[in-house]
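Please open the model in a viewer and keep the selection panel at hand. The stops below are meant to be followed in order.

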Amino acid sequence: MPPDFSVAGKHVLITGGTGGIGGAFARAFQEAGATVIVADLKAPAPGTLPDAIRFEPLDVCSDEAVEALAARVERLDVLIHCAGRLVRWEEYKPTVFMSILDVHLVGNLRLANAFRGHLKATRGCLINIASMYSYFGAAHVPAYSAAKTAIVSLTKSLAIGFAEDHIRVNAIAPGWIKTEISRGGREDPTFNSKVVARLPNGEWAEPEELAGTALFLASAASNLINGVTIPVDGGYVAS
Ligand SMILES: NC(=O)c1ccc[n+]([C@@H]2O[C@H](COP(=O)([O-])OP(=O)(O)OC[C@H]3O[C@@H](n4cnc5c(N)ncnc54)[C@H](O)[C@@H]3O)[C@@H](O)[C@H]2O)c1
C-alpha cells in the first residue's frame, strides 16, 4: 500500500482560523475534502473563506468559551492552535507578558485538554504553532518568544502525555510569513533587512506555503511522527 496522505473526511478545528495562516490552513483542508471549523475572536472578512467553512466566535483565553465550544463540536480529528498575537516593545510589562503567554501557551493547553476526548475518539492529532523565536530570543517580543519556545516543550509533553489515547502532537515552526501579526516587522526597515539578509531565498513567504506540512502532519502518512517541531522556514534556522 502506498502511504496515505489524504485528509478527506477528517474534521478539523483551527483556532485563529480567520487569520493569515489559520485561514490558509482552513482553505487547504477544505479543498482536500475535510470538514473545517474556524474559531477566532474576529469573524472572517467577506470572501476570504468558502461558505462551507463554519465560523465559531472564540476567545482562546477563556476556559468557559473553550469548554462551550468543545460541547458544540461533535467530532474532531485534527486540532490546530493558530491563534496568536504579539505587542512589539510592550511585553516587558508583566500583565502584557501574561496575556501573550495566555493566548499562545495556556491557550494551547486549554484547547488540548478540552478536545482530548474528541481526539481520543478518532485517534486524532494536535498541531501546534511554534516560531523562529522558538530557537532564539527576541528583544522586541520577549513574551512571544518565551511562549513559542515553551510550545516546543509543551508539544513534546503532550505527545507523551496523550500517547495513551493514541493522539499525536506535533508543531510547525513557520518562518517569516506575510500576515497581520508580522506586519510591524515587515514595515520596520532595519528589522526587515536583517530578516531578508538571513533568508536563503531572500523572501518572506505566503501562508499557503505552510499548508502542505499541516496536511501531512494530519494524515496517516505521518503516523510515526510525534512530539516534533518542524521548521517550515525556507532554510532560515539552517543559515
Ligand atoms: N506570520 C508569521 O511570520 C508567523 C511566524 C511564526 C509563527 N506565527 C504564528 O502563526 C500563528 C498564526 O498567526 P498569523 O501569522 O496567521 O497572524 P494573524 O494575525 O493573521 O492571525 C492570528 C489570528 O489569531 C486570532 N486571535 C488572537 N487572539 C485570539 C484569542 N484570544 N482568541 C482567538 N483568536 C485570537 C486573531 O484574531 C487572528 O485572526 C500565530 O501563533 C503566530 O504566532 C506567525
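Select Glu 208 and Arg 27 in this predicted model, and display their side chains: the two meet in a salt bridge, with 3.0 Å from N to O. The pair joins distant parts of the chain, 181 residues apart. Glu 208 belongs to the loop between α6 (189-198) and α7 (211-218), whereas Arg 27 is part of helix α1 (residues 20-31). Glu 208 has a relative accessible area of 43% and is partly exposed. Arg 27, at 24% relative accessibility, likewise counts as partly exposed. While Glu 208 is selected, add Leu 154 and draw a line between the C-alpha atoms: they are separated by 25 Å, and the two residues are 54 apart along the chain.

**Further salt bridges**

Next, select Glu 56 and Arg 54, whose side chains meet in a salt bridge of 2.8 Å from N to O. Are these two residues buried or partly exposed? Glu 56 is buried, because its relative accessibility of 9% is under the 20% limit. Arg 54, with a relative accessible area of 36%, is partly exposed.

Move on to Lys 93 and Glu 90, where the N to O distance of the salt bridge is 2.5 Å. Here Lys 93 is partly exposed at 46% relative accessibility, and Glu 90 is partly exposed at 33%.

For a linked group, select Arg 116, Lys 120, Glu 164 and Asp 165 together; salt bridges connect these residues in a network. How many salt bridges does the count give? The count comes to 14 salt bridges.

**The largest pocket**

Now turn on a surface and select Cys 82, Gly 84, Arg 85, Thr 179 and Ile 181. Of the 44 residues that line the largest pocket, these five lie nearest its centre. Colour α1, α3 (94-122), α4 (142-161) and α5 (183-186) next, as these are the elements that give two or more residues to the lining. The volume of this pocket is about 970 Å³. Colouring the lining by class will show 22 nonpolar, 14 polar and eight charged residues.

**The ligand**

Display the ligand and the residues around it. Which of the 30 surrounding residues come nearest? They are Gly 20, Ile 21, Asp 40, Tyr 144 and Thr 179. Three contacts of the ligand can then be inspected one at a time:

- Select Thr 179, which has a polar side-chain atom 2.5 Å from an oxygen atom of the ligand. Thr 179 was also met among the residues nearest the centre of the largest pocket.
- Select Lys 42, where an N or O atom of the side chain lies 3.2 Å from an oxygen atom of the ligand.
- Select Leu 41, where a polar backbone atom is 3.5 Å from a nitrogen atom of the ligand.

Keep Lys 42 on display and add Thr 18. A polar atom of the Thr 18 side chain lies 2.9 Å from the backbone oxygen of Lys 42. Thr 18 sits in the loop between β1 (11-15) and α1, and this residue counts as buried at 14% relative accessibility.

**The second largest pocket**

Select Tyr 133, His 140, Phe 191, Lys 194 and Val 195. These are the closest to the centre of the second largest pocket among the 15 residues that line it. This pocket has a volume of about 230 Å³, and its lining divides into nine nonpolar, three polar and three charged residues.

**Two residues with positive phi**

The last stop concerns the backbone. Select Arg 123 in the loop between α3 and β5 (125-129). Its phi is near 55°, a positive value in a residue other than glycine. Is Arg 123 buried or exposed? Arg 123 counts as exposed, since its relative accessibility of 57% is over the 50% limit.

Finish at His 166, located in the loop between α4 and β6 (168-174). Although His 166 is not a glycine, its phi is positive, at about 60°. His 166 counts as partly exposed, with 43% relative accessibility.

Notes
Residues numbered from 1 in each chain as written. Predicted model: local features only at pLDDT ≥ 70, side-chain atom pairs only at ≥ 80, totals over all residues. Heavy atoms only, no water. Salt bridge = Lys/Arg side-chain N within 4 Å of Asp/Glu carboxyl O. Helix = DSSP H or I, 4+ residues; strand = E, 2+ residues; numbered from the N terminus. Buried < 20%, exposed > 50% of the residue type's maximum accessible area, 1.4 Å probe, protein only. 1 Å grid on protein atoms, 1.4 Å probe; cavity = no way out; pocket = protein on both sides within 12 Å on 5 of 7 lines; lining within 4 Å. Points joined across faces, edges and corners; volume = space filled by probe spheres on them. Nonpolar A, V, L, I, M, F, W, Y, C, P; charged D, E, K, R; others polar. Near = heavy atom within 4 Å. Polar contact = N/O pair within 3.5 Å; in protein donor to acceptor, adjacent residues only side chain to side chain.
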